[in-house]
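Student: I have a structure open and would like to go through it. Can we start with the ligand?
Tutor: Yes, go ahead.

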Amino acid sequence: MALVEIRNVYKSFKREAQTVDVYSGLSMDFEEGSYTALMGPSGSGKSTLLNLIAGLDKPTSGTVRVEGSEVSSMTSAQLAPWRARTIGFVFQSYNLLPVLTAHQNVELPLLLTNLGKKERAERTEIALGVVGLADRMDHFPRQLSGGQEQRVAIARAIVADPTLILLDEPTGQLDSKSSEEVLELLRRLNDEFHKTIMIVTHDAKAADRAKAVLHLEKGVLLERSQLSGAGVAT
Amino acid sequence: MKFLPLVIANLKRHKLRTLLTTLSVTLALFLFASLRSVVTTLSAGSEVSSASRMVVQNSTAFVIPLPMSYANRLSSVPHVKAVTWANWFGGKYGDGKKFFAQFAIDPASYLAMYPEIQVAEDQKQAFLKERAAAIIGEGLVRSFGWKVGDNITLQGTIFPGDWTFTVRGIYHATLKEYGDDQFMFHYDYLYEKYPDRVTPGWFIMQIDDPTAAPGVAKTIDDQFRNSNAPTKTGTEKAFASGFASMWGNVKLLMSTIGMAVVFAILLVTANAMMMNQRERTSEVAVMKTVGFSDRRVFGLIIIEAAVISLTGALLGLGAAALLPIVTGFGQGGFLPGFHVTIGTMLFGIAVALLLTIASGVFPAWQAARLPVVQALRRVE
Ligand SMILES: Nc1ncnc2c1ncn2[C@@H]1O[C@H](COP(=O)(O)OP(=O)(O)OP(=O)(O)O)[C@@H](O)[C@H]1O
Ligand SMILES: [Mg+2]
């Protein structure tokens, strides 16, 4: 059984009179320990796919399973604690709460666990250490560079040791040096810590770092190797 | 409470806004408690009055006196055990800026009827013996520094002339609502100077059974109905609140103003809370993505509102409670015994909780039902 199983998912958005069909029967598996880059033109449904996996949005029909639990049919009260345990999410921007320090931001998911104060502090420091920002713990987001902010966001995404790390264009607003830092970090998380990672990106260099690249176009997933041909991924 | 740092951080986001919102709640509750205390103090004044004391006054107008001959006729009414009388003097001391009440009383019978007025036995005897003697409340000692043996000259307004009294006693009011800023002297002293004008302003009777009061009142008022000084008899409580209503419909006015103020502040606070929340839409979305449940998000925002309203409330109620003590306002003047009751404090806390709900629930509910995906699309 794959870690993430997407089965026959339809998703459409209603905007006033017209309906936008993003996927019509999408099926896809992601294995544990995989590191997948998701590419595709704007509006092809990349963000929507991450949202469905994280339970932030629901498919119109079809099922999304993560570790065997059917995310697509959970209630919002069930989803919140499930998400805290299972998903680490990083957006393109606005990830951090501006009123909290780096340390407090990273600690946020741990507040939802039963860990004591001391344990939370330890884990937070480890996570900040992994992203190389142990010396910036007491800085507020506005005192950090864009790349550092994204690394804090990644520290928060990994601190509770989730099953799956989802990143939606995490390097979209970074210069090449900062992007490099972030990509390097993701690579290490996958290599050394065996984290399952899915990253949405427009940047071919970022995609190169992943173990697999998927191309989403008109609601259909194509593997990079198949791009020249026209095969449809299962 | 591990979420507390989160609440505090959010309160510190706009320090000035938080401070101003808190201060407006402080002001609202200060005004609320002060205005309500005027009402409770006035009502308490009428509560003090012993249920077994009744007052007879002229039914035509409170200021028109009654014939002295009524004293004997009142004492022969069934259930009436004792009768005394008093007169309003209305004098002025010095520049007259500090007001205090002066009564001419029938000394022995009056003091016997009012156990609330406590005077040392030797002072009492000295007062009873001397025609121009006066007893004064402890409040007047505080205000004017008078002491036993002082000669005090008042200017009569109703009864013209300079009137000099010698302080022979200082009384302590066992019930502070009774007031300890009264100046009392011999009725006979007044009568001597104006024998053809002075008759009792009102009579006070002790009855042996409070439940007989309505019957007693009817008997007396019927008896004098067709005389040229018809009477209005009631319990002392009714008499005291009659005094209070001379101020106009104070209670209604105060309560209305109090409520209007609280309501206005409520709108200000609710508005500030909603502005706060609107700015934080994307942050709420991030918290939910991290795994905060809708209920937790709701709770955190309510707590934030509660911290503001309860802090403001405690400051406002505390100030209202301390003010009469620090300034001595409760000691004299028109509102003897002015103080903030426990009831008013609890009422104030209840108002603050209501404020929390009113200002916090709407933004909290909005944040709780905010769909993450929608919220993030708006900002990105
Ligand atoms: N909440 C929504 N309401 C209406 N339409 C939506 C909503 N979310 C997504 N869509 C539409 O669904 C389609 C897929 O959107 P999605 O955000 O998944 O694209 P994307 O591949 O992430 O694009 P980009 O590269 O620009 O981020 C788009 O046409 C978008 O307009
Ligand atoms: Mg997107």
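Student: How do the residues of the shell around ligand 1 divide into nonpolar, polar and charged?
Tutor: Four are nonpolar, eight polar and four charged. Here Ala, Val, Leu, Ile, Met, Phe, Trp, Tyr, Cys and Pro count as nonpolar, Asp, Glu, Lys and Arg as charged, and the others, Gly among them, as polar. Before we go on: this is a predicted model, where local features need pLDDT of at least 70 and side-chain atom pairs pLDDT 80 or more, while totals for chains, interfaces and linings use all residues. Residues are numbered from 1 along each chain as its sequence is written, chains are lettered from A and ligands numbered from 1 in the order in which they are written, and side-chain values use heavy atoms, with hydrogens and water left out.

Student: OK. Where does ligand 1 lie?
Tutor: Between chains A and B. It is surrounded by 16 residues, counting a residue if one of its heavy atoms lies within 4 Å. Among the closest are Arg15(A), Ser42(A) and Lys46(A).

Student: Which helix supplies the largest share of the shell?
Tutor: α1(A), with three residues. Chain B takes part too: its α14 (372–379) supplies at least two residues of the shell. Helices are DSSP runs (H or I, at least four residues) and strands are runs of E with at least two, numbered from the N terminus.

Student: What about polar contacts with ligand 1?
Tutor: A polar contact is a pair of N or O atoms within 3.5 Å; within protein, one must be able to donate a hydrogen and the other to accept it, and residues adjacent in sequence count only if both atoms are side-chain atoms. A side-chain N or O atom of Thr48(A) is 2.5 Å from an oxygen atom of ligand 1. Backbone atoms also take part: a polar one of Gly43(A) is 2.9 Å from a ligand oxygen, and an N or O atom of Gly45(A) is 3.0 Å from one.

Student: Back to Arg15(A). Is it buried, exposed or partly exposed?
Tutor: Arg15(A) is partly exposed, with a relative accessible area of 49%. Buried means under 20%, exposed over 50%, and partly exposed in between (1.4 Å probe, protein chains only). Arg15(A) is in strand β1 of chain A.

Student: New topic. How many helices and strands are in chain A?
Tutor: Seven helices and ten strands. Buried residues make up 54% of its 234 residues. The C-alpha trace of chain A spans about 50 × 40 × 40 Å along its principal axes.
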